[in-house]
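Trainee: I would like to go through this chain with you, one question at a time.
Mentor: Go ahead.

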Amino acid sequence: MSTIEQEIAKRRTFGIISHPDAGKTTLTEKLLLFGGAIQTAGAVKSNKIKKSATSDFMEIEKQRGISVATSVMTFEYHDLKINILDTPGHKDFAEDTYRTLTAVDSVILVIDCVKGVEEQTERLMEVCRMRKTPVIIFINKMDREGQNPFDLLDELEQKLMIKVRPLTWPINIGQNFKGVYNLYDKSLNLFSVNKTRIERDIVAIDDLNSPELDKQVGERDANQLREDVELIEGVYDEFDRQAYLDADVAPVFFGSAVNNFGVQELLDTFCDIAPATLPRPTDVRVIIPTDKKFSGFVFKIHANLDPKHRDRIAFLRVCSGIFERNKFYHHVRLDKDVRFSNPYNFMAQSKDVIDEAFPGDVVGLYDTGNFKIGDTLTEGEDFFFQGIPSFSPEIFKELINMDPLKSKQLEKGIQQLTDEGVAQLFLIQPGNRKVVGTVGDLQFEVIQYRLEHEYGAKCRFDSMPISKACWITSDNPAKLQEYIRLKGTQIGYDKDEHPVFLAESDWMLRMNIQNNPDIRFHQTSEFK
Ligand code: GDP
């Protein structure tokens, strides 16, 4: 194997996703503990935007600062290099999460056993299904009185629309939770509250009928486990790694992240079965990680917290070849060559300047305004990575300039903020009216605050009667032009100057689809 092949085989780049409060931060921290990346619990700060913060901008800013530090966490474990990409759980930042998911090769989904599948879980899973991202499910908080594990599995299958296959199984639940039986390697891990670090209490149980099991967990629970396992083996197919890699089956683990229980089973199996760096589609061809030439794309941009310095950090996912410091690369959209003297990678609590990075890695690049989300860097070839679409925003408001003397600052500010992906901007002609679309109200407050503090521009937002944006195309350019002319101010142009129909209601959208068979209406910005 060549160096690059070896490096690729070592990489596991994944995201942990969950509805807020299910235990994502806690699980992340435990994984880092196992990897030796941090020494004490409590070292990883939650990047949650707390509810109380909605009207406290400084608080939001502070929390944004925390989330940049934990955007990517890298650690080594058993010769593997593991990159965890953090995702904000808050619904208003869902778009950020969707984009981060374009840069991972697999996902661990955390579920709260008391609450089961929650709203955010369903939406996140939809994105994973769309991209066929392999998913492992971790059912957390087994030390609480949660739902029956068989019912939970049924709920997962129904609501998340994916087949599941348990790989560990809980012995009792809540106060009587005694541990998990590992169906994958047939061992028993017994639970004691507040287990410290890597101390383990594993009992190998080759035969579930052995009296050793009764001795360990008591006769009643031993019999229940035997019954459960028989049922599982009868109902669920053998675990098939390929089906998991194809995103047809999600293996399921039970545990308690806060008590560090069931986490090692999860991590070890994850290392065993999760995919190494995967190929990525572009508009021209599929890019294979072992391609000699470097390529990568920007999936996240983070502004500097210090308003005096308007530089930003662009997060680049390396897709093929080797990324090298100080080497010139081709910025496809701008058709210009760029190089980076201080690219860095992220460890749990620090960032280090690096000389090279391999496919699967995420590199932080200082940016003075050259990057937009989705930008591709190559060694000269022209192509764009796909799968980083914009979805229709849910809330639309018109941006009104409150200080005519500062219109330049406002223009620049809103452009840069939308390049960062804080919100989507649609221009309506004539008049260059600016419609800002977001998934949550919080973003409007963030934009208003940042425009004022970073760009010195004052603005106001006026509600607009728009409920959905649909990107429009047609095989017949004349028909498309005619439709755009007819719809007038109901048409906006997105960041790539694609026309978008801004529909007042779902009903209006349906009518337009029905009455205009020559026009195609797309739910996302990616329709090539
Ligand atoms: P996130 O919003 O998904 O990142 O969730 P956090 O990791 O911040 O956890 C939310 C709350 O659940 C915190 O108070 C945790 O201490 C708690 N928690 C996490 N894991 C467990 C667990 O296994 N059992 C119990 N009882 N609580 C847990």
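Trainee: How far does helix α12 reach from its first C-alpha to its last?
Mentor: The model is predicted. Helix α12 covers residues 442-455, which is 14 residues. At 1.5 Å a residue the expected span is 20 Å, and the helix comes close to that. Its reach is 19 Å.

Trainee: Do the buried residues of α12 line one face of the helix or lie on opposite faces, and within what arc do they fall?
Mentor: The buried residues in α12 are Q443, V446, I447, R450, L451 and Y455. An α-helix has 3.6 residues a turn, so residues three or four places apart point the same way. Seen down the axis of α12, the buried residues line one face, because they fall within an arc of 130 degrees.

Trainee: Which residue just after α12 takes a positive phi?
Mentor: Helix α12 ends at residue 455. Just after the helix, phi is positive, at about 70 degrees, and the residue concerned is G456.

Trainee: Which strand gives the largest share of the largest nonpolar core?
Mentor: That core holds 93 residues, and I137, I139 and L316 touch the most other members. The largest share is 6 residues, from a strand spanning residues 312-320. That strand is β15.

Trainee: How many residues are in the other core, the one with W471?
Mentor: This core lies apart from the largest one. Its members include V422, A423, W471 and I519. The number of residues is 25.

Trainee: Is P251 buried or exposed?
Mentor: P251 lies in strand β11, residues 249-254. Leaving aside neighbours within four places in sequence, P251 is in contact with I136, R165, L167, F239 and Y244. A residue needs 20 or more C-beta neighbours within 10 Å to count as buried. P251 has 25 inside 10 Å, so P251 is buried.

Trainee: What separates the C-alpha atoms of P251 and M142?
Mentor: Along the chain, P251 and M142 are 109 residues apart. In space, their C-alpha atoms are separated by 17 Å.

Trainee: Which helix gives the most residues to the shell around the ligand?
Mentor: There are 19 residues around the ligand, and K24, T25, T26, S256 and V258 come nearest. By type, the shell divides into 4 nonpolar, 9 polar and 6 charged residues. The helix that gives the most covers residues 24-34 and supplies 3 residues. It is α2.

Terms used:
Residues are numbered from 1 along each chain as its sequence is written. This is a predicted model: local features need pLDDT of at least 70, side-chain atom pairs count only at pLDDT 80 or more; totals for chains, interfaces and linings use all residues. A nonpolar core is a set of buried Ala, Val, Leu, Ile, Met, Phe, Trp, Tyr and Cys residues joined through C-beta atoms within 7 Å. A residue is buried if 20 or more other C-beta atoms lie within 10 Å of its own, exposed if 12 or fewer, and partly exposed in between; C-beta atoms are placed from the backbone. Helices (H or I, at least four residues) and strands (E, at least two) are DSSP runs, numbered from the N terminus. A residue is near a molecule or strand if its C-beta atom, placed from the backbone, lies within 6 Å of it. Ala, Val, Leu, Ile, Met, Phe, Trp, Tyr, Cys and Pro count as nonpolar, Asp, Glu, Lys and Arg as charged, and the others, Gly among them, as polar. The expected span of a helix is 1.5 Å times one less than its number of residues. The arc is that of the directions from the helix axis to the C-beta atoms. Two residues are in contact if their C-beta atoms, placed from the backbone, lie within 7 Å.
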